[in-house]
Amino acid sequence: MRQAEFNEEFAVHGRRARDADAGDVRRLTILGATGSIGTSALDLVARNPSHFSVAAVTAQTNVAKLAESARASGAERAVIGDKALYGELKSALAGTSIEVAAGEEALVEAAEIPVDCTIAAIVGAAGLRPSLAAARGGWRLALANKECLVSAGDVFMREVAQSACELVPVDSEHSAAFQVLREADRGAIEKLVLTASGGPFRDWPAEKIASATRDQALKHPNWSMGAKITVDSATMMNKGLELIEALHLFPVSVDQLDMVVHPQSIVHCLVSFIDGSVLAQLADPDMRTPIALALSWPKRMAAPTKRLDLCEIGKLTFEPADELRFPAIRVAREAMKRGGTAPAVLNAANEVAVAAFLEGRIKVPDIPLVVEDTLERCEGSGLICCAEQLDDVLSCDNEARSVAIESLNGLSRL
Ligand code: NAD
Ligand code: MG
(Lines give C-alpha, C1' and ligand atoms only; values in the text may rest on other atoms or scores of the structure.)
(Ligands and ions follow the chains in the order given, each with its own letter.)
Protein backbone atom coordinates (compact mmCIF):
# COMPACT_ATOMS: atom_id res chain seq x y z
CA MET A 1 0.00 0.00 0.00
CA ARG A 2 1.36 3.45 -0.86
CA GLN A 3 2.07 5.98 1.88
CA ALA A 4 -0.72 8.28 0.69
CA GLU A 5 -3.16 5.42 0.99
CA PHE A 6 -1.99 4.70 4.53
CA ASN A 7 -2.69 8.29 5.41
CA GLU A 8 -6.14 8.11 3.87
CA GLU A 9 -6.95 4.88 5.56
CA PHE A 10 -5.61 5.43 9.04
CA ALA A 11 -5.38 9.05 9.79
CA VAL A 12 -8.87 10.27 9.23
CA HIS A 13 -10.70 7.44 10.85
CA GLY A 14 -7.98 6.37 13.19
CA ARG A 15 -7.90 2.63 12.95
CA ARG A 16 -11.31 1.05 12.64
CA ALA A 17 -12.60 -0.33 15.89
CA ARG A 18 -11.44 -3.91 16.09
CA ASP A 19 -14.52 -5.00 17.98
CA ALA A 20 -17.51 -3.51 19.67
CA ASP A 21 -15.47 -2.70 22.78
CA ALA A 22 -12.52 -1.10 21.06
CA GLY A 23 -13.30 2.19 22.71
CA ASP A 24 -13.33 0.52 26.08
CA VAL A 25 -9.67 0.81 26.90
CA ARG A 26 -8.75 -0.84 30.19
CA ARG A 27 -5.14 -1.96 30.43
CA LEU A 28 -2.57 0.74 29.78
CA THR A 29 1.14 1.32 29.52
CA ILE A 30 2.41 4.85 30.00
CA LEU A 31 5.75 5.61 28.38
CA GLY A 32 7.10 8.83 29.90
CA ALA A 33 4.86 8.54 32.96
CA THR A 34 6.69 11.19 35.00
CA GLY A 35 6.33 13.96 32.43
CA SER A 36 3.61 16.50 31.91
CA ILE A 37 1.52 14.26 29.62
CA GLY A 38 2.27 11.16 31.69
CA THR A 39 1.14 12.91 34.87
CA SER A 40 -2.08 14.11 33.23
CA ALA A 41 -2.76 10.58 31.97
CA LEU A 42 -2.17 9.16 35.45
CA ASP A 43 -4.54 11.75 36.88
CA LEU A 44 -7.30 10.42 34.60
CA VAL A 45 -6.42 6.86 35.59
CA ALA A 46 -6.54 7.74 39.30
CA ARG A 47 -10.00 9.25 38.84
CA ASN A 48 -11.26 6.04 37.20
CA PRO A 49 -9.64 3.30 39.29
CA SER A 50 -12.24 0.69 38.45
CA HIS A 51 -11.90 1.32 34.74
CA PHE A 52 -8.14 1.24 34.16
CA SER A 53 -5.25 -0.97 35.15
CA VAL A 54 -1.63 -0.17 34.42
CA ALA A 55 0.77 -2.71 32.97
CA ALA A 56 3.89 -0.53 32.95
CA VAL A 57 5.11 2.97 33.64
CA THR A 58 8.45 4.32 32.43
CA ALA A 59 10.71 7.32 32.96
CA GLN A 60 14.29 8.31 32.21
CA THR A 61 15.80 9.60 35.48
CA ASN A 62 13.17 10.63 38.01
CA VAL A 63 13.21 7.55 40.27
CA ALA A 64 11.15 9.05 43.09
CA LYS A 65 8.32 10.17 40.83
CA LEU A 66 8.36 6.93 38.84
CA ALA A 67 8.19 4.82 42.01
CA GLU A 68 5.37 6.98 43.35
CA SER A 69 3.45 6.71 40.04
CA ALA A 70 3.93 2.95 39.96
CA ARG A 71 2.67 2.52 43.51
CA ALA A 72 -0.25 4.90 43.09
CA SER A 73 -1.42 3.38 39.81
CA GLY A 74 -0.79 -0.23 40.89
CA ALA A 75 1.47 -0.74 37.88
CA GLU A 76 2.81 -4.23 37.27
CA ARG A 77 6.19 -2.97 36.04
CA ALA A 78 8.28 0.19 36.43
CA VAL A 79 11.14 0.88 34.04
CA ILE A 80 13.83 3.52 34.33
CA GLY A 81 15.70 4.39 31.12
CA ASP A 82 18.96 5.25 32.85
CA LYS A 83 20.52 1.88 33.67
CA ALA A 84 22.62 3.31 36.50
CA LEU A 85 19.41 4.01 38.44
CA TYR A 86 18.23 0.39 38.58
CA GLY A 87 19.34 -0.11 42.21
CA GLU A 88 17.72 3.09 43.34
CA LEU A 89 14.40 2.17 41.71
CA LYS A 90 14.59 -1.36 43.13
CA SER A 91 15.03 0.07 46.65
CA ALA A 92 12.27 2.62 46.12
CA LEU A 93 9.88 -0.20 45.23
CA ALA A 94 11.11 -2.70 47.82
CA GLY A 95 8.26 -4.49 49.56
CA THR A 96 5.94 -4.20 46.55
CA SER A 97 5.31 -6.79 43.85
CA ILE A 98 6.14 -4.25 41.11
CA GLU A 99 8.67 -5.65 38.67
CA VAL A 100 11.65 -3.36 38.10
CA ALA A 101 13.77 -3.00 34.98
CA ALA A 102 16.22 -0.48 33.56
CA GLY A 103 17.86 0.56 30.31
CA GLU A 104 16.87 1.40 26.77
CA GLU A 105 16.01 -2.18 25.83
CA ALA A 106 13.83 -2.50 28.93
CA LEU A 107 11.85 0.54 27.74
CA VAL A 108 11.21 -1.22 24.43
CA GLU A 109 10.29 -4.45 26.25
CA ALA A 110 7.82 -2.54 28.42
CA ALA A 111 6.28 -1.07 25.26
CA GLU A 112 5.85 -4.60 23.89
CA ILE A 113 3.70 -5.87 26.78
CA PRO A 114 0.25 -6.46 25.25
CA VAL A 115 -2.23 -3.87 26.50
CA ASP A 116 -5.37 -2.12 25.26
CA CYS A 117 -3.57 1.18 24.86
CA THR A 118 -0.08 2.61 25.11
CA ILE A 119 0.30 6.28 25.88
CA ALA A 120 3.48 7.33 24.09
CA ALA A 121 4.62 10.37 26.07
CA ILE A 122 8.41 10.21 25.99
CA VAL A 123 9.88 13.50 24.78
CA GLY A 124 12.07 13.62 21.70
CA ALA A 125 13.41 11.08 19.24
CA ALA A 126 14.31 8.94 22.28
CA GLY A 127 10.65 7.91 22.14
CA LEU A 128 10.89 6.53 18.64
CA ARG A 129 11.87 2.92 19.37
CA PRO A 130 9.49 2.39 22.33
CA SER A 131 6.60 4.12 20.53
CA LEU A 132 7.24 2.04 17.42
CA ALA A 133 7.40 -1.14 19.50
CA ALA A 134 3.94 -0.31 20.85
CA ALA A 135 2.64 0.50 17.35
CA ARG A 136 3.84 -2.92 16.17
CA GLY A 137 1.74 -4.56 18.88
CA GLY A 138 -1.42 -3.66 17.01
CA TRP A 139 -3.37 -2.19 19.94
CA ARG A 140 -4.28 1.46 20.40
CA LEU A 141 -1.50 4.00 20.47
CA ALA A 142 -2.29 7.34 22.10
CA LEU A 143 0.54 9.30 20.52
CA ALA A 144 1.88 12.43 22.22
CA ASN A 145 5.51 11.91 21.16
CA LYS A 146 5.35 14.09 18.03
CA GLU A 147 9.10 13.88 17.42
CA CYS A 148 8.81 10.24 16.39
CA LEU A 149 6.47 11.21 13.52
CA VAL A 150 8.66 14.17 12.57
CA SER A 151 11.78 12.00 12.44
CA ALA A 152 10.39 8.80 11.06
CA GLY A 153 6.86 9.52 9.86
CA ASP A 154 6.94 7.30 6.76
CA VAL A 155 8.49 4.33 8.57
CA PHE A 156 6.19 4.82 11.54
CA MET A 157 2.97 5.07 9.55
CA ARG A 158 3.95 2.01 7.52
CA GLU A 159 4.29 -0.01 10.75
CA VAL A 160 0.98 1.39 12.01
CA ALA A 161 -0.67 0.22 8.80
CA GLN A 162 0.89 -3.23 8.95
CA SER A 163 0.02 -3.93 12.57
CA ALA A 164 -3.51 -2.51 12.37
CA CYS A 165 -2.63 -0.33 15.35
CA GLU A 166 -5.31 2.21 16.18
CA LEU A 167 -3.40 5.48 16.26
CA VAL A 168 -5.16 8.30 18.11
CA PRO A 169 -3.20 11.56 18.31
CA VAL A 170 -2.86 13.29 21.68
CA ASP A 171 -1.29 16.56 20.53
CA SER A 172 -4.22 18.95 21.03
CA GLU A 173 -4.33 20.32 17.47
CA HIS A 174 -4.13 16.83 15.99
CA SER A 175 -6.71 15.49 18.40
CA ALA A 176 -8.92 18.33 17.17
CA ALA A 177 -8.29 17.48 13.51
CA PHE A 178 -8.88 13.80 14.24
CA GLN A 179 -12.31 14.63 15.66
CA VAL A 180 -13.22 17.10 12.94
CA LEU A 181 -12.19 14.77 10.12
CA ARG A 182 -13.90 11.74 11.56
CA GLU A 183 -17.09 12.21 9.58
CA ALA A 184 -15.66 14.42 6.85
CA ASP A 185 -15.65 13.96 3.10
CA ARG A 186 -11.88 13.62 2.79
CA GLY A 187 -11.81 14.52 -0.88
CA ALA A 188 -13.44 17.85 -0.05
CA ILE A 189 -10.79 19.14 2.35
CA GLU A 190 -9.28 22.41 1.22
CA LYS A 191 -7.04 23.32 4.15
CA LEU A 192 -6.11 22.07 7.57
CA VAL A 193 -5.10 24.95 9.83
CA LEU A 194 -3.35 24.37 13.14
CA THR A 195 -3.63 27.10 15.72
CA ALA A 196 -0.63 28.33 17.71
CA SER A 197 -0.73 30.30 20.94
CA GLY A 198 2.30 32.29 19.77
CA GLY A 199 4.12 31.34 22.98
CA PRO A 200 5.54 33.73 25.59
CA PHE A 201 7.24 35.97 22.98
CA ARG A 202 4.27 36.43 20.66
CA ASP A 203 4.21 40.21 20.97
CA TRP A 204 7.87 40.78 21.84
CA PRO A 205 10.11 42.73 19.44
CA ALA A 206 13.03 40.77 17.96
CA GLU A 207 15.64 42.54 20.13
CA LYS A 208 13.81 41.56 23.31
CA ILE A 209 13.47 37.93 22.14
CA ALA A 210 17.23 37.93 21.46
CA SER A 211 18.00 38.55 25.12
CA ALA A 212 15.20 36.40 26.59
CA THR A 213 16.20 34.23 29.54
CA ARG A 214 15.52 30.55 30.13
CA ASP A 215 12.86 31.41 32.73
CA GLN A 216 11.09 33.74 30.31
CA ALA A 217 11.08 31.07 27.61
CA LEU A 218 9.68 28.54 30.09
CA LYS A 219 6.73 30.75 31.01
CA HIS A 220 4.07 29.61 28.57
CA PRO A 221 0.95 31.78 28.64
CA ASN A 222 -1.64 28.99 28.27
CA TRP A 223 -0.19 25.51 28.63
CA SER A 224 1.73 23.77 31.39
CA MET A 225 4.16 21.40 29.63
CA GLY A 226 7.64 19.87 29.78
CA ALA A 227 10.67 22.10 29.23
CA LYS A 228 11.53 21.00 25.69
CA ILE A 229 8.09 21.57 24.17
CA THR A 230 7.76 24.84 26.09
CA VAL A 231 10.95 26.13 24.48
CA ASP A 232 9.69 24.83 21.11
CA SER A 233 6.57 26.92 21.69
CA ALA A 234 8.68 29.99 22.47
CA THR A 235 10.61 29.65 19.16
CA MET A 236 7.43 28.42 17.43
CA MET A 237 9.39 25.41 16.19
CA ASN A 238 6.61 23.46 17.89
CA LYS A 239 4.15 24.52 15.21
CA GLY A 240 6.66 23.56 12.51
CA LEU A 241 7.00 20.10 14.07
CA GLU A 242 3.22 19.88 14.27
CA LEU A 243 2.77 20.70 10.58
CA ILE A 244 5.04 17.74 9.79
CA GLU A 245 3.16 15.60 12.31
CA ALA A 246 -0.13 16.54 10.60
CA LEU A 247 1.26 15.68 7.17
CA HIS A 248 1.76 12.09 8.33
CA LEU A 249 -1.50 11.81 10.25
CA PHE A 250 -4.00 13.32 7.84
CA PRO A 251 -4.81 13.04 4.13
CA VAL A 252 -3.46 16.46 3.19
CA SER A 253 -0.55 17.70 1.11
CA VAL A 254 2.10 20.17 2.20
CA ASP A 255 0.21 22.97 0.42
CA GLN A 256 -3.00 22.21 2.30
CA LEU A 257 -1.36 22.68 5.70
CA ASP A 258 -1.32 26.03 7.38
CA MET A 259 -1.19 27.65 10.80
CA VAL A 260 -2.64 30.72 12.45
CA VAL A 261 -1.77 32.39 15.74
CA HIS A 262 -4.64 32.26 18.20
CA PRO A 263 -3.45 33.59 21.56
CA GLN A 264 -6.33 32.17 23.62
CA SER A 265 -5.66 28.50 22.63
CA ILE A 266 -9.37 27.72 22.64
CA VAL A 267 -9.79 26.71 18.99
CA HIS A 268 -7.27 23.95 18.35
CA CYS A 269 -7.62 23.24 14.65
CA LEU A 270 -9.76 24.40 11.73
CA VAL A 271 -10.53 22.39 8.63
CA SER A 272 -11.98 24.16 5.62
CA PHE A 273 -13.84 22.40 2.83
CA ILE A 274 -14.48 23.13 -0.85
CA ASP A 275 -18.00 24.42 -0.09
CA GLY A 276 -16.63 27.18 2.16
CA SER A 277 -17.53 25.41 5.43
CA VAL A 278 -14.99 25.48 8.23
CA LEU A 279 -15.16 22.94 11.07
CA ALA A 280 -13.21 23.48 14.26
CA GLN A 281 -12.80 21.92 17.69
CA LEU A 282 -12.78 24.05 20.84
CA ALA A 283 -11.78 23.25 24.39
CA ASP A 284 -10.11 24.81 27.38
CA PRO A 285 -6.31 24.35 27.04
CA ASP A 286 -5.86 21.29 29.27
CA MET A 287 -4.21 18.18 27.86
CA ARG A 288 -6.52 15.94 29.87
CA THR A 289 -9.19 16.58 27.23
CA PRO A 290 -7.22 15.11 24.28
CA ILE A 291 -5.76 12.36 26.51
CA ALA A 292 -9.27 11.39 27.66
CA LEU A 293 -10.39 11.29 24.04
CA ALA A 294 -7.50 9.01 23.11
CA LEU A 295 -8.39 6.67 25.98
CA SER A 296 -12.11 6.50 25.33
CA TRP A 297 -12.49 6.95 21.57
CA PRO A 298 -14.93 6.35 19.90
CA LYS A 299 -16.80 6.91 23.16
CA ARG A 300 -16.04 9.82 25.48
CA MET A 301 -15.07 9.75 29.13
CA ALA A 302 -15.49 12.55 31.64
CA ALA A 303 -12.48 14.82 32.07
CA PRO A 304 -12.16 17.16 35.06
CA THR A 305 -11.24 20.16 32.93
CA LYS A 306 -12.60 23.67 33.03
CA ARG A 307 -15.80 23.96 30.99
CA LEU A 308 -15.57 26.41 28.14
CA ASP A 309 -17.39 29.67 28.89
CA LEU A 310 -17.24 31.71 25.71
CA CYS A 311 -19.00 34.68 27.29
CA GLU A 312 -16.36 34.79 30.01
CA ILE A 313 -13.59 34.51 27.41
CA GLY A 314 -15.33 37.19 25.37
CA LYS A 315 -12.99 37.36 22.42
CA LEU A 316 -11.25 34.80 20.24
CA THR A 317 -8.59 36.47 18.12
CA PHE A 318 -6.47 35.27 15.20
CA GLU A 319 -3.38 36.74 13.55
CA PRO A 320 -0.77 35.59 11.05
CA ALA A 321 2.49 34.16 12.37
CA ASP A 322 5.51 36.44 12.00
CA GLU A 323 8.16 34.30 10.32
CA LEU A 324 10.75 37.09 10.64
CA ARG A 325 10.67 37.04 14.44
CA PHE A 326 10.00 33.29 14.46
CA PRO A 327 12.18 31.88 11.63
CA ALA A 328 11.80 28.33 12.99
CA ILE A 329 8.43 28.16 11.22
CA ARG A 330 10.05 28.81 7.83
CA VAL A 331 12.94 26.41 8.54
CA ALA A 332 10.51 23.63 9.51
CA ARG A 333 8.27 24.25 6.50
CA GLU A 334 11.30 24.02 4.19
CA ALA A 335 12.36 20.74 5.79
CA MET A 336 8.80 19.45 5.39
CA LYS A 337 8.84 20.36 1.68
CA ARG A 338 12.31 18.87 1.22
CA GLY A 339 11.07 15.60 2.73
CA GLY A 340 13.16 12.44 3.08
CA THR A 341 15.39 12.69 6.14
CA ALA A 342 15.25 16.51 6.26
CA PRO A 343 12.62 16.49 9.06
CA ALA A 344 14.74 13.97 11.01
CA VAL A 345 17.72 16.33 10.73
CA LEU A 346 15.50 19.27 11.69
CA ASN A 347 14.29 17.45 14.78
CA ALA A 348 17.73 16.20 15.85
CA ALA A 349 19.31 19.66 15.46
CA ASN A 350 16.43 21.26 17.32
CA GLU A 351 16.81 18.82 20.22
CA VAL A 352 20.53 19.62 20.45
CA ALA A 353 19.93 23.37 20.24
CA VAL A 354 17.08 23.38 22.78
CA ALA A 355 19.23 21.39 25.22
CA ALA A 356 22.04 23.97 24.76
CA PHE A 357 19.56 26.78 25.36
CA LEU A 358 18.26 25.12 28.54
CA GLU A 359 21.87 24.79 29.72
CA GLY A 360 22.31 28.54 29.20
CA ARG A 361 24.85 28.10 26.39
CA ILE A 362 22.94 29.84 23.59
CA LYS A 363 20.19 32.42 23.11
CA VAL A 364 16.68 31.93 21.69
CA PRO A 365 17.50 33.14 18.12
CA ASP A 366 20.46 30.75 18.00
CA ILE A 367 18.08 27.77 18.03
CA PRO A 368 16.69 28.21 14.49
CA LEU A 369 20.14 29.35 13.31
CA VAL A 370 21.73 26.09 14.46
CA VAL A 371 18.87 24.07 12.97
CA GLU A 372 19.07 25.79 9.59
CA ASP A 373 22.85 25.57 9.50
CA THR A 374 22.70 21.86 10.37
CA LEU A 375 20.19 21.26 7.58
CA GLU A 376 22.49 23.05 5.09
CA ARG A 377 25.56 21.14 6.25
CA CYS A 378 23.71 17.82 6.06
CA GLU A 379 22.36 18.65 2.61
CA GLY A 380 25.92 19.45 1.53
CA SER A 381 27.26 16.15 2.80
CA GLY A 382 24.50 14.03 1.25
CA LEU A 383 22.89 13.08 4.58
CA ILE A 384 19.49 14.22 3.41
CA CYS A 385 18.07 11.38 1.43
CA CYS A 386 15.21 8.94 1.47
CA ALA A 387 14.95 6.71 4.57
CA GLU A 388 13.24 3.38 3.98
CA GLN A 389 14.11 1.71 7.27
CA LEU A 390 14.16 2.63 10.93
CA ASP A 391 17.94 2.13 11.05
CA ASP A 392 18.38 4.74 8.29
CA VAL A 393 16.43 7.25 10.35
CA LEU A 394 18.30 6.40 13.56
CA SER A 395 21.70 6.77 11.94
CA CYS A 396 20.64 10.02 10.27
CA ASP A 397 19.41 11.31 13.64
CA ASN A 398 22.72 10.37 15.20
CA GLU A 399 24.86 12.01 12.54
CA ALA A 400 22.69 15.13 12.49
CA ARG A 401 23.29 15.52 16.25
CA SER A 402 27.07 15.53 15.69
CA VAL A 403 26.67 18.08 12.89
CA ALA A 404 24.46 20.21 15.12
CA ILE A 405 27.11 20.17 17.86
CA GLU A 406 29.71 21.36 15.31
CA SER A 407 27.27 24.03 14.24
CA LEU A 408 26.76 25.11 17.86
CA ASN A 409 30.49 25.29 18.43
CA GLY A 410 30.93 27.47 15.37
CA LEU A 411 27.99 29.68 16.25
CA SER A 412 29.84 33.00 16.29
CA ARG A 413 30.82 32.37 12.67
CA LEU A 414 27.26 31.64 11.51
P1 NAD B 1 8.21 16.03 29.79
O2 NAD B 1 9.60 16.52 29.63
O3 NAD B 1 7.35 16.64 30.83
O4 NAD B 1 8.24 14.44 30.06
C5 NAD B 1 8.99 13.60 29.25
C6 NAD B 1 8.92 12.17 29.74
O7 NAD B 1 9.83 11.41 28.89
C8 NAD B 1 9.40 11.96 31.17
O9 NAD B 1 8.65 10.93 31.76
C10 NAD B 1 10.85 11.53 31.01
O11 NAD B 1 11.31 10.70 32.06
C12 NAD B 1 10.81 10.75 29.72
N13 NAD B 1 12.09 10.81 29.00
C14 NAD B 1 12.87 11.89 28.80
N15 NAD B 1 13.98 11.55 28.11
C16 NAD B 1 13.89 10.23 27.87
C17 NAD B 1 14.74 9.29 27.24
N18 NAD B 1 15.90 9.66 26.68
N19 NAD B 1 14.34 8.00 27.18
C20 NAD B 1 13.18 7.62 27.75
N21 NAD B 1 12.32 8.46 28.37
C22 NAD B 1 12.68 9.74 28.44
O23 NAD B 1 7.52 16.13 28.36
P24 NAD B 1 5.98 16.35 28.03
O25 NAD B 1 5.70 17.80 28.01
O26 NAD B 1 5.13 15.43 28.83
O27 NAD B 1 5.95 15.89 26.49
C28 NAD B 1 6.00 14.53 26.12
C29 NAD B 1 5.73 14.42 24.63
O30 NAD B 1 4.41 14.87 24.37
C31 NAD B 1 6.63 15.33 23.76
O32 NAD B 1 6.90 14.68 22.57
C33 NAD B 1 5.78 16.56 23.51
O34 NAD B 1 6.11 17.21 22.30
C35 NAD B 1 4.39 15.94 23.43
N36 NAD B 1 3.32 16.87 23.78
C37 NAD B 1 3.27 17.39 25.02
C38 NAD B 1 2.26 18.28 25.36
C39 NAD B 1 2.15 18.83 26.74
O40 NAD B 1 1.18 19.52 27.05
N41 NAD B 1 3.08 18.58 27.64
C42 NAD B 1 1.32 18.66 24.40
C43 NAD B 1 1.41 18.10 23.13
C44 NAD B 1 2.41 17.19 22.82
MG1 MG C 1 0.22 20.89 20.12
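Which polar backbone atom is 3.2 Å from an oxygen atom of ligand 1? Start with that one, then work through the exercises below. The model is predicted.

**Exercise 1. Map the backbone contacts of ligand 1.**

Solution.
- Step 1. Take the opening question. An oxygen atom of ligand 1 lies 3.2 Å from a polar backbone atom of Gly35.
- Step 2. Go to Gly32. One of its polar backbone atoms is 3.3 Å from an oxygen atom of the ligand.
- Step 3. Go to Ile37. Here the separation between a polar backbone atom and a ligand oxygen is 2.9 Å.
- Step 4. Apply the cut-off. A polar contact needs N or O atoms within 3.5 Å. The Gly35 pair, at 3.2 Å, is therefore a polar contact.
- Step 5. Look at coverage. Alone, ligand 1 has 830 Å² of accessible area, and the protein covers 86% of it.
- Step 6. Name the contributing elements. Helix 2 (36-47) and helix 7 (146-163) are those that give two or more residues to the shell.

**Exercise 2. Describe the shell around ligand 1.**

Solution.
- Step 1. Count the residues. The ligand is surrounded by 22.
- Step 2. List the closest. They are Thr34, Ser36, Gln60, Glu147 and Gly226.
- Step 3. Sort the shell by class. It holds 12 nonpolar, 7 polar and 3 charged residues.

**Exercise 3. Classify the packing of helix 12 against helix 15 and helix 16.**

Solution.
- Step 1. Begin with helix 15. Helix 12 (residues 237-249) packs on helix 15 (residues 328-338) at about 25 degrees, and their axes are 7 Å apart.
- Step 2. Assign the class. Angles under 35 degrees count as roughly parallel, so helix 12 and helix 15 are roughly parallel to each other.
- Step 3. Add handedness. Helix 12 passes helix 15 in a right-handed crossing.
- Step 4. Turn to helix 16 (residues 342-358). Its axis and that of helix 12 come within 12 Å and cross at roughly 150 degrees.
- Step 5. Assign the class. Helix 12 is therefore roughly antiparallel to helix 16.
- Step 6. Add handedness. Helix 12 passes helix 16 in a left-handed crossing.

**Exercise 4. Do the same for helix 2 and helix 13.**

Solution.
- Step 1. Read the geometry. The packing angle is about 60 degrees, with the axes of helix 2 and helix 13 10 Å apart.
- Step 2. Assign the class. Helix 2 is therefore oblique to helix 13.
- Step 3. Add handedness. The crossing of helix 2 past helix 13 is right-handed.

**Exercise 5. Find the backbone exceptions.**

Solution.
- Step 1. Recall the background. Most residues other than glycine have a negative phi, and most peptide bonds are trans.
- Step 2. Check phi. Met236 is not a glycine, yet its phi is positive, about 70 degrees.
- Step 3. Place Met236. It sits in the loop between helix 11 (227-235) and helix 12.
- Step 4. Check omega. Trp297 and Pro298 are joined by a cis peptide bond, with omega about 5 degrees.
- Step 5. Place Pro298. It belongs to the loop between helix 13 (288-296) and helix 14 (310-313).

Definitions and conventions
Residues numbered from 1 in each chain as written. Chains lettered and ligands numbered in written order. Predicted model: local features only at pLDDT ≥ 70, side-chain atom pairs only at ≥ 80, totals over all residues. Heavy atoms only, no water. Near = heavy atom within 4 Å. Polar contact = N/O pair within 3.5 Å; in protein donor to acceptor, adjacent residues only side chain to side chain. Areas by Shrake-Rupley, 256 points an atom, 1.4 Å probe, with all protein chains shown as cover. Helix = DSSP H or I, 4+ residues; strand = E, 2+ residues; numbered from the N terminus. Nonpolar A, V, L, I, M, F, W, Y, C, P; charged D, E, K, R; others polar. Axes fitted to C-alpha atoms, helices over the stretch in contact; angles between N-to-C directions. Parallel < 35°, antiparallel > 145°, perpendicular 65-115°, else oblique. Left-handed = near helix turned anticlockwise from the far one by under 90°.
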